[in-house]
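I am opening a fresh notebook page for this structure. My plan is to look up how the chains touch, and then how they are built.

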Amino acid sequence: ATELRLSHQWSNNDIRHKVAQIVADGVAEADVDLEIKIFGSKSLFKPREQYKPLSRGQLDMTVLPLSYAGGQQPAFNLTLMPGLVKNHDHAARLNESPFMEALEAKMAEDDVMVLVHGYLAGGFAGKDKCITKPADVEGLQTRAAGKSFEQMLAGAGASIASMASSEIYNAMQTGVLSAANTSSSSFVSYRIYEQVSCYTPAGDVALWFMYQPLLMNKSTFEGLTEDQQAALLAASEKAQAYYLEEAKKEDAASAKVFADAGVEIAEMSQADFEAWRALAQETSYAKFVEEVPDGQELLDMALSVE
Amino acid sequence: MDPLVLGGLVGLVTIMVLFSGVSVAMGLLIVSAGFLIIFDGMRSLELMPEILFGKLDNFALLSIPMFIIMGSSIASTRAGADLYEALERWLTRVPGGLVISNLGACALFAAMSGSSPATCAAIGKMGIPEMRKRGYPDGVAAGSIAAGGTLGILIPPSVTMIVYGIATETSIGRLFLAGVIPGLLLVGLFMAWSMYATWRSGNTELLSSGSYSWAERFEILPRVLPFLAIIVGVLYAMYGGIATPSETAAVGALLCLVIAMVIYKLWNPRDLWVVLRDSTKESVMILFIIAAAGVFSYMLSSLYITQSIAEWIGTLDVNRWVLMGAVNVFLIIAGFFLPPVAVILMAAPILLPIILTAGFDPIWFAVVLTINMEIGLISPPVGLNLYVINGIAPDISLRTILIGSLPFVGCMLLAIVLLCMFPGLATWLPDAVMGAAL
Amino acid sequence: MSGQLSTGALARTGDNLFLRGVAALSTLAGWCSAGMIVAAVAITCQMIFVRFVLNGSTVWQTEAVIYLVIAATLIGLPYVQRLRGHVNVDLIPLALGAKARFYMFLLTSALSIGIIALMLWYGYEYWHFAWDRGWRSDTIWGVRLWIPYLSLPVGFALLLLQLIADLVAVLLGYDNPFGLED
Ligand code: NA
Ligand code: NA
């Protein structure tokens, strides 16, 4: 049997593992002499060390935030850009747009293709106060997930502290950090609710969306038989539908965990969102366009998706 | 090949290669490369430098050279001697007072040094000759320092706890706190044994030698102050909101270097270089083992050995304490031959799932693991502390040092038993300071 | 038995020019390594100062420190090899007679040289790949990755030299196999 190796950083009960599992199960059921072996919880590669072997064919598949590879393809930084995605349905429309096609062309340059599209959302947490609008972060030591968010938050007058997400808890506890911005699932898995007074989850509008697809090495895919390819694609389609549904539930679930822990839940208004986006335009969008040769074109494509 | 059988084969080959005299890190790379070529093809080989680099790509590793610099800079001054002399002046009436002073000094020094050899060297340089001069048997003098030195990795800061924290993704701040009470317990057991042994020997000279006036006793106290300043400074930085545990290490290193230079007049470039050279030597050795063990664990995972062993243990229906006993025997045997860092890195990915499945606390287990590693430090054939003592007092035979250390190994085993009976010894302090664990 | 940390063991060179040259090179690498560790201490303290005292942003320090520690490790390898600082377990050599021990040393030397040559080759390839593709780190600082990756080929090349020198020293009779006295 052909064996494919899939590496990811998540635990067994994480939605992204389940997406991988659906694909693996679907392929196994199709009985096309193909087996997907999942190496979860960073057991094979470190999170940020996955894209390189994937693109060189040393790893067959992975589920990862594409922005991790932003150092290799700067265009990927658009997949973690503040305010670019408004909500999960909007994210689903982006996945089907010319913008995504352009990104997939970039991935193809690295011999990488997408099997399952998917976005996950995140929010803000404040140690002493709620963070909903740019003025709220001024002068706060803040840890942000993603370069573009760091640029935007710095523009709002926050001080940026760079550290691993696993250090957020301790840093919040001892007061090294006073605000953090990351994904809903990380907020829960790192138990940040024990250390903060206010949480701003992703709601009707959200600022923080991260594209986290299931990727495959393109040559490896093309080397499979037609039956095997068809089985993979069919299983992926099923997984993508599941991914979208679960992604929506995740934000509400994280809000419930925080609320149950007695943390105040704040909401970002449409006006707050616009204020952040205006700030992002001057900071992270501008930086992106400056750094990436065809950046403006890609950004316009993304912004044109209704 | 069945992954379990393959795992056995890897274990056998690894032992053969490591015993061949090749350095531990290179041995791990050789074994990894061999199995990767045979079972994964040449493509995996290409990945080795990348994985090696990736394993080192971790901010927490910074604290390893830093905590080593702390120890070695202070060890190169007379601070260790001051510390032990101060304790001695206050403990003259206690049976075995001199041994007790040395053990106490080891414990205090351990609160500043992340590694054991520095602790051993700092206190032993002065302590061993003094104990022998006063008529303590060679075995007691050498054994107590060898054992006291092992506290360096149990009492925080600790290089092995950092490595465990990285390998198992447990909080390093929490691990450090978990080592405090067991560390004190171990010091207590060491001291109790020393007092009993001295009393039993009936050598009255050991009881009465040296008496100090109260003036002499108070006069020496200021010389202990730099020590306290460092310990308090580091604790404040770590738990007072100034820095994360990894960053704190750098503050500690700077503090120790400055105190060594300003208070102990260590400014001769040659002396400073010796401090840096020794720190670099020990750090690079440890970091290279960490990197190579990373490649080794990639190989184990890639060949599905780690996963299969965890699954297999999961299917075994054994009493959790029998399991814990077996794990301890395994760790002690591994510790005989391999340096602590290598044992932790190779064993943690395999043992942790087992430990968690059996319902043991990972923080508590870190302490048990560390005490096992302490036993390894004073046991042949690779007992780093034995060689440090051998370097300080070349005329005491390794055999004498070894026999002198044996009762202390007994204390360590007793401590493990106590920890099994009262897990709170390890988990209470971190829970009290940092909130209940996950 | 080995595993000494505080003994003054050192690769013996005699008056051989090649051996002395390699020793000098390794020592220079050791100075660089120690210098990088000191720089890491300084940068970390600067970061804490900027954050805690000035309440400013600290975006490059963590990354710089990580790369410095990695480089210190890799560049420090040859020096630590020269100082006999890489812990080993020489149970088998100790049990062997002089002749068998000599051949055992040849075998382990060959294996060590082989594995490090391999690491050098693929390390160089990885470095070149990063250089060729213009890879950067995915942070605001955006370091060109070939710079930190350079420590892979450089460190392994120097270590390879020191390992070859150690083999030559034994073959020419300047040093004993495994540094063991007969
Ligand atoms: Na310590
Ligand atoms: Na040992």
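**Entry 1: where chain A meets chain C**

I started with the contact between two of the chains, keeping in mind that this is a predicted model. I found 22 residues of chain A in contact with 20 residues of chain C. Putting these two chains together buries about 1700 Å², and carbon and sulfur atoms give 43% of that area.

Next I looked for charged partners. How many salt bridges does the rule find across the interface of chain A and chain C? I noted three. One of the pairs I looked up is Arg56(A) with Glu125(C), where the side chains meet at 3.6 Å, N to O. I then turned to polar contacts between chain A and chain C, and the count is 14 residue pairs, both residues at pLDDT 80 or more.

Which parts of chain A supply this side? I wrote down helix H2 (51-55), helix H5 (147-155) and strand S7 (159-160) of chain A, each with at least two residues on the side that touches chain C. H5(A) has the largest share there, three residues. Sorted by class, the side of chain A that touches chain C has five nonpolar, 10 polar and seven charged residues.

**Entry 2: where chain B meets chain C**

I moved on to the other contact of chain C. Here 55 residues come from chain B and 64 residues from chain C. The buried area between chain B and chain C is about 5400 Å², with 81% given by carbon and sulfur atoms. I looked up the top contributors too: Met26(B), Phe53(B) and Lys281(B) supply 14% of the area that chain B buries against chain C, more than any other three residues.

How many salt bridges does the rule find across the interface of chain B and chain C? There is one. I found a salt bridge between Arg51(C) and Glu247(B), with the closest N and O atoms 2.6 Å apart. For polar contacts across the interface of chain B and chain C, I noted six residue pairs, both residues at pLDDT 80 or more.

Several elements give two or more residues to the side of chain B that touches chain C, including helix H1 (3-18), helix H2 (24-40), helix H15 (245-262) and helix H16 (269-302) of chain B. Which one gives the most? It is H16(B), with 10 residues. By class, I divided the side of chain B that touches chain C into 42 nonpolar, six polar and seven charged residues.

**Entry 3: chain C by itself**

I wanted to know what chain C is made of. It has six helices and zero strands, and from the N terminus on, its elements run α-α-α-α-α-α. The C-alpha trace of chain C spans about 65 × 35 × 30 Å along its principal axes.

**Entry 4: a sheet in chain A**

I finished with an open sheet in chain A, where five strands lie in the order S2-S1-S3-S11-S4 and the pairing is mixed. Why is one side of S2 (34-39) and of S4 (112-116) in chain A left without a neighbour in the sheet? Both strands stand at the edges and each has a single partner strand, so one side of each stays free of a neighbour there. On average, neighbouring strands of this sheet are turned by 30° against each other, direction ignored.

I then followed one pairing in detail. Strand S1 (residues 2-7) of chain A runs parallel to S2(A), and six bridges join the two. Which residue in S2(A) is the bridge partner of Ser7(A)? I found Phe39(A).

Methods. Residues numbered from 1 in each chain as written. Chains lettered and ligands numbered in written order. Predicted model: local features only at pLDDT ≥ 70, side-chain atom pairs only at ≥ 80, totals over all residues. Heavy atoms only, no water. Pairing = 2+ DSSP bridges. Helix = DSSP H or I, 4+ residues; strand = E, 2+ residues; numbered from the N terminus. Axes fitted to C-alpha atoms, helices over the stretch in contact; angles between N-to-C directions. Contact = heavy atoms within 4.5 Å. Buried area = accessible area lost by both parts, 1.4 Å probe. Salt bridge = Lys/Arg side-chain N within 4 Å of Asp/Glu carboxyl O. Polar contact = N/O pair within 3.5 Å; in protein donor to acceptor, adjacent residues only side chain to side chain. Nonpolar A, V, L, I, M, F, W, Y, C, P; charged D, E, K, R; others polar.
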